[in-house]
Amino acid sequence: MSAVIPLQVDTGCSDAPVLRERGQREVFCGLTGIVWLHRKIQDAFFLVIGSRTCAHLLQSAAGVMIFAEPRFATAIIDERDLAGLADANDELDRVVQQLLSRRPDIRLLFLVGSCPSEVIKLDLARAAQRLSARTLPAVRVLNYSGSGIETTFTQGEDACLAALVPELPAQAVDAAPNLLVVGSLADVVEDQFKRLFTALGITKLQFFPPRHAAALPDVGPATRLLLAQPFLADTARLLEARGAQRLAAPFPLGAEGTRLWLQVAARSFGIADSVFEQVIAAPMQRARQALATHRARLTGKRVFFFPDSQLELPLARFLARELGMLLTEVGTPYLHRSHLAPDLALLPAGTTLSEGQDLERQLDRCRALQPDIVVCGLGLANPLEAEGLTTKWSIELVFSPIQGFEQAGDLAELFARPLLRRQKLTV
Ligand code: SF4
């Protein structure tokens, strides 16, 4: 078994200066992660302890299916709670008891903190312990914060998965190496990756988060950790503290990104390059063909990224290298240098990088540059469209299946479509 193999790439933006800004920000909060996490872990329930604002955010972001039993809800903190007139812990226990008696299918219950629960200093960690003592082994109760204070929306997934890490069983001492793919992926993408890893001969393979609460992966020094999402700093740190070895790879966006991501895993498991090339040949070819149809429309177009999803750097790398787009500014809420090192190395040298936000100043830079397309949060999209700029909602890139060979064309199309729409409107 070979050790971790570093990528052989140019230095790109590895040592590039980064404009660091701390000012007014325009982002969604971590509750947003519930929108995709509740679909991923199919027997989990997310109970937000929050306000009506939190409930509105979730309902509008996730949509409400009238005939389906939802797997998220908000326990509203009202004026009596805020005024300290009611015992919030008693109320919470009552709500959880009601919920679990109505929904025997729940195996994992997350108490999700919010700005209001933090304001009244409700100790959800203690509440989760107290409730777990009553509900285990049938239901495990955990907690994390989705509060909007000092976070961006993808950190909700990081906080959720970090809360799960201490629950992962320890690996046997003599365990054979296993591959742990970390970060929520759409089921269809996960299934495609599973087929590719299996064809490569990597069969001791698990995904985190799992689809069911009982399928928690075991973790230890034999675990090779491959991040599928770039916003999992705390989760990766906790897994590494449990002995897992992180594989450094670009994120699996586009044909090149997916190829390099798979290759790092294959090499760490000692898979011969010839086997690797054979396994990926057909899907890689399909991805290249799919990209070719969008390249003509996108090459030479100038793109500006506002910081929002933390996917910005890998996306920028994909757009620049595989579609020939020009990067005017790539903003990201947080720049995790070691997790993003392989993507940074692949970015065109001289790319303007920024971390954090000072909204008005960044808007001024964007207006001055007049990019062809702006990737930004929902709150900025409409005003920018009104100013004549073409926008792409960054949150759509988190909700859509975009990773892997088979999705490379769809990912390119997500950028081509707004440009085509603008073109039709202006003709
Ligand atoms: S957690 Fe905070 S930022 Fe998020 S919806 Fe609730 S009040 Fe708003």
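Helix H4 passes helix H6 in a right-handed crossing, and that meeting of two helices is a good place to start looking around this predicted model. Helix H4 covers residues 88-102 and helix H6 covers residues 124-135, with their axes 11 Å apart and an angle of about 40 degrees between them. That angle makes H4 oblique to H6. From here we can move on to a second helix pair, an open sheet of six strands and a glycine in a loop.

**Where H4 meets H6**

- On the H4 side, the contact is made by Asn89, Leu92, Asp93, Val96 and Leu100, and on the H6 side by Ala127, Leu131 and Thr135.
- Sorted by character, the residues of this contact are five nonpolar, two polar and one charged.
- Leucine 92, which sits in helix H4, deserves a closer look.
- Is leucine 92 buried or exposed? Leucine 92 is buried, because 23 other C-beta atoms lie within 10 Å, and 20 or more are enough to count as buried.
- Leaving aside residues up to four places away in sequence, leucine 92 touches Ile49, Ala75 and Ala127.
- Try finding alanine 75 in the structure: alanine 75 and leucine 92 are 17 residues apart in sequence, while their C-alpha atoms are 7.7 Å apart in space.

**A second helix pair: H10 and H11**

- Helix H10 (residues 254-268) and helix H11 (residues 273-298) have axes that come within 9 Å and cross at roughly 165 degrees.
- An angle over 145 degrees counts as roughly antiparallel, so H10 and H11 are roughly antiparallel to each other.
- H10 passes H11 in a right-handed crossing.
- H10 brings Ala255, Arg259, Leu262, Gln263 and Ala266 to the contact, and H11 brings Phe276, Ile280, Met284, Ala287, Arg288 and Leu291.
- Eight of the residues in the contact of H10 with H11 are nonpolar, one is polar and two are charged.

**The six-stranded sheet**

- In what order do the strands of the open sheet run? The order is E1-E12-E11-E10-E13-E14, and the pairing is parallel.
- Strand E1 (18-22) and strand E14 (391-393) stand at the edges with a single partner strand each, so one side of each has no neighbour in the sheet.
- From one strand to the next, the twist averages 20 degrees.
- Inside the sheet, strand E10 (residues 302-305) pairs with strand E11 (residues 326-332) in the parallel sense, over four bridges.
- You can spot valine 303 standing opposite leucine 327 in E11.

**Helices packed on the sheet**

- Helix H14 (residues 359-369) lies across E1, E10, E11, strand E12 (353-357) and strand E13 (373-376), and runs at about 170 degrees to E11.
- Helix H17 (residues 408-426) also packs on the sheet, where H17 touches E13 and E14.
- The direction of H17 makes about 140 degrees with that of E14.

**Glycine 377, in a loop**

- Where is glycine 377 found? Glycine 377 is in the loop between E13 and helix H15 (378-386).
- Glycine 377 is buried, because 20 other C-beta atoms lie within 10 Å, and 20 is the number at which a residue starts to count as buried.
- Beyond residues up to four places away in sequence, glycine 377 touches Glu26, Val27, Phe28, Phe306, Asp308, Ser394 and Ile395.
- Glycine 377 and threonine 391 are 14 residues apart in sequence, with 9.3 Å between their C-alpha atoms.

Key: Residues numbered from 1 in each chain as written. Predicted model: local features only at pLDDT ≥ 70, side-chain atom pairs only at ≥ 80, totals over all residues. Axes fitted to C-alpha atoms, helices over the stretch in contact; angles between N-to-C directions. Parallel < 35°, antiparallel > 145°, perpendicular 65-115°, else oblique. Left-handed = near helix turned anticlockwise from the far one by under 90°. Contact = placed C-beta atoms within 7 Å. Nonpolar A, V, L, I, M, F, W, Y, C, P; charged D, E, K, R; others polar. Pairing = 2+ DSSP bridges. Buried ≥ 20, exposed ≤ 12 C-beta atoms within 10 Å, placed from the backbone.
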